[in-house]
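Me: Please take a close look at a single part of this structure. Pick one residue in the interior, then show me what lies around it.

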Amino acid sequence: MLKCRTVWRKLAPLAKSSSTLCRQNVRRAGLNNGRTPVCVPAAHMSSGPVGGGGDNLKYALLVGAVSVGGLVYAVVTMKSDQKRYEQRIEELSTRPQKTSTKPTAAQIQSEPPAVPEDQPAAAPSIEEPSSPAEVEAPKEETAPETTTPPVADSTPVSLKLPAHAPYLLIGGGTASFAAARSIRARDPGAKVLIVTDEPDLPYMRPPLSKELWFSDDPAVTDTLRFKQWNGKERSIYFQPPSFYIRPEDLDGAENGGVAVLNNRKVVYMDVRGNKVKLDDDTEISYDKCLIATGGIPRNLQLIERAGEEVMKRTTLFRKIEDFKSLDKVSRNVKSVTIIGGGFLGSELACALGRRSTESGLEVIQMFPEKGNMGKVLPEYLSNWTTEKVKKEGVKVLTEALVKSVTCKDDQLEIKLKDGRVVTTDHIVAAVGLEPNVDLAKSAGLEVDSDFGGYRVNAELQARSNIWVAGDAACFYDIRLGRRRVEHHDHAVVSGRLAGENMTGASKPYWHQSMFWSDLGPDVGYEAIGIVDSSLPTVGVFAKATAKDTPKAATEMSGTGIRSESETEDTAVSPVASDTPSPAAENKDDFGKGVIFYLRDKVVVGIILWNVFNRMPIARKIIKDGEEHADLNEVAKLFNIHED
């Protein structure tokens, strides 16, 4: 078809000119005939020289000559095109041989003797059939290429990623993993992509400030395995690598799966277009998206303004790399100062304090409150906790407001506003968490002005196909109002609920999540609801026994992450113990007990002090929202007076 078209393009002008010439001759002949008389002599009708018959013969001969010439030209052109076509095909087929820089042995043996370039003998050799040796030569040439690394290894990673993820989870923490597990439970064929800026697979954070510090394994920073208080060993990772599939395999996974994209950060979110942009400009579209970006550790502004040397000697504790870094620092310096008296600061102080008895490390803890966890615990219990922390080998400085931090004589000098000066080698800033709402601006999502975090409804929705869970969610609690919670159990529960709602459950967040803190294996507490030391409190205590410790509690439950078992239980109507409340032998002995937090005479928060496996009862009390005339009777529901 291509050859015919080429010939026609070349013959068309000739045919057109010939047709035009014939029409002109016919027109002239008609005019001449019109001038002649009707009765024409016989001699004029002949083909002799006189009249128009001779001219027609000339024209006929001319047209015939043109046609023959055109036909000859077409034949020559077709042969020439065929020859050029065959040469081009042969050139393409031999192109790999030209790109090779080093001919193989088979090529050298099969190639004919060299011919000078000005001789045309090389051209016919291309059109000749290839010999068996010539056919094998390209195979031997390409064989070494199969031993080189795959092309995918040298290709930018962004080209491997799926362009679309039905379920996109931003953040690689507890909330994201809980959501992924929930999505897969309700939609077994779901394809879930988790994008995280951390290099690790999803893991639990509580052991980073608790059990890992009490491990006897010198390689704990590498294995990240620890023994729980009950002696059982486990890893901080939720699942081994074999549980996940590779991001590049997500599109083709017949049964779906969960893929984790590490070391990538979502920097832009196009809500209308249902897609996100990563920090390497890769774009991924989604059907449904979960934002579980967690939080960023706060730092003191005066430390940030103190200079690079001070910042190098300051740890903001949050991730696995922070645990590894602080563990290394604590083994190579003489003094560590922890700024902050909350959960994290007190846990790290006790953990490092235990190490100080073995290595001679000086551990200092300072905070502006009058006692440890002064913002949560009643003052009397906060003071008791402070004494407990001191017994762990920690030097505690209360009511300490930092004025300045400078680097002097290869040490850090901390000046307090009351004139006290502390010299130390390293600082751990444990002064709270700032919810990560970096995507709020590009996504057009609302940030709560009071509590921080993305503002969502009771179903954890920010938009029709966008949910938020974990530390970054400011949700509406149907019992206690709008809240934002920064604890492991909340991440588990909110992530699980978000995953269910992403698959069409449409459930509100009614669950009261709990949190816990352990000051070593002997003292711990669990809490639920709003626990604020500024609220009125009522505490009921009893003498502790050997089984009233975190270690004993985990031996009974079989897990070191207590919320994993507590959140699955549902409390039935509890029956109060008939055991009478014994008189306390020592009013300052807070071995175990229950602390009720009240608002408008209604219990809105409960702390179980060295009382474990009773959280469903506390959850039901808060859910009921009733006034209680005698909280001592309510405390009997927890059986704290039984041995």
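Reply: Start with Ile607. Neighbours within four places in sequence are set aside here. Ile607 is then in contact (heavy atoms within 4.5 Å) with Val376, Leu377, Tyr525, Glu526, Ala527, Val531, Gly593, Val594, Ile595 and Tyr597.

This is a predicted model: local features need pLDDT of at least 70, side-chain atom pairs count only at pLDDT 80 or more, and totals for chains, interfaces and linings use all residues. Numbering runs from 1 along each chain as its sequence is written, and side-chain values use heavy atoms, without hydrogens or water.

Ile607 belongs to the largest nonpolar core, which has 125 residues. Such a core is a set of buried Ala, Val, Leu, Ile, Met, Phe, Trp, Tyr and Cys residues joined through side-chain atoms within 4.5 Å. Buried means under 20% relative accessible area, exposed over 50%, and partly exposed in between (1.4 Å probe, protein chains only). Ile607 is among the residues with the most contacts inside this core, along with Met269, Ile606, Trp609 and Phe638. Strand 28 (residues 602-609) gives the most to the core, with 6 residues. Strands (E, at least two residues) and helices (H or I, at least four) are DSSP runs, numbered from the N terminus. Another core lies apart from this one. That other core has 14 residues, including Ile303, Val310, Val405 and Ile427.

Now look just before strand 28. Lys601 lies in the loop between strand 27 (592-599) and strand 28. Lys601 is exposed, with a relative accessible area of 63%. Its phi is near 65°, a positive value in a residue other than glycine. Most residues other than glycine have a negative phi. Asn274 also has a positive phi, near 55°. Asn274 sits in the loop between strand 6 (266-270) and strand 7 (275-278). At 25% relative accessibility, Asn274 counts as partly exposed.

Next, strand 1 (164-170). 5 of its 7 residues are buried, so strand 1 is largely enclosed by the rest of the structure. Strand 1 pairs with strand 8 in the parallel sense over 6 bridges; pairing takes at least two DSSP bridges. Leu169 has Leu290 of strand 8 as its bridge partner. Strand 1 also pairs with strand 2, again in the parallel sense, over 4 bridges. There, Tyr167 is bridged to Val192.

Helix 8 packs here too. Its buried residues pack against strand 1, strand 2 (191-195), strand 5 (257-261), strand 8 (283-291) and helix 16 (488-502). Those buried residues include Phe177, Ala178, Ala179 and Ile183. Helix 8 covers residues 174-186, 13 in total. From first C-alpha to last, helix 8 reaches 19 Å, close to the 18 Å expected at 1.5 Å a residue. The expected span is 1.5 Å times one less than the number of residues.

A small aside on another sheet. Strands 19, 22 and 23 form an open sheet in the order 19-22-23, with mixed pairing. Strand 19 (454-455) and strand 23 (481-483) stand at the edges, each with a single partner strand, so one side of each has no neighbour in the sheet. Strand 22 (residues 473-477) pairs with strand 23 in the antiparallel sense over 3 bridges. Phe475 has Arg483 of strand 23 as its bridge partner.

Last, the whole protein. The protein has 20 helices and 28 strands. Of its 643 residues, 44% count as buried. Among contacts between residues at least 6 apart in sequence, 69% join residues at least 24 apart.
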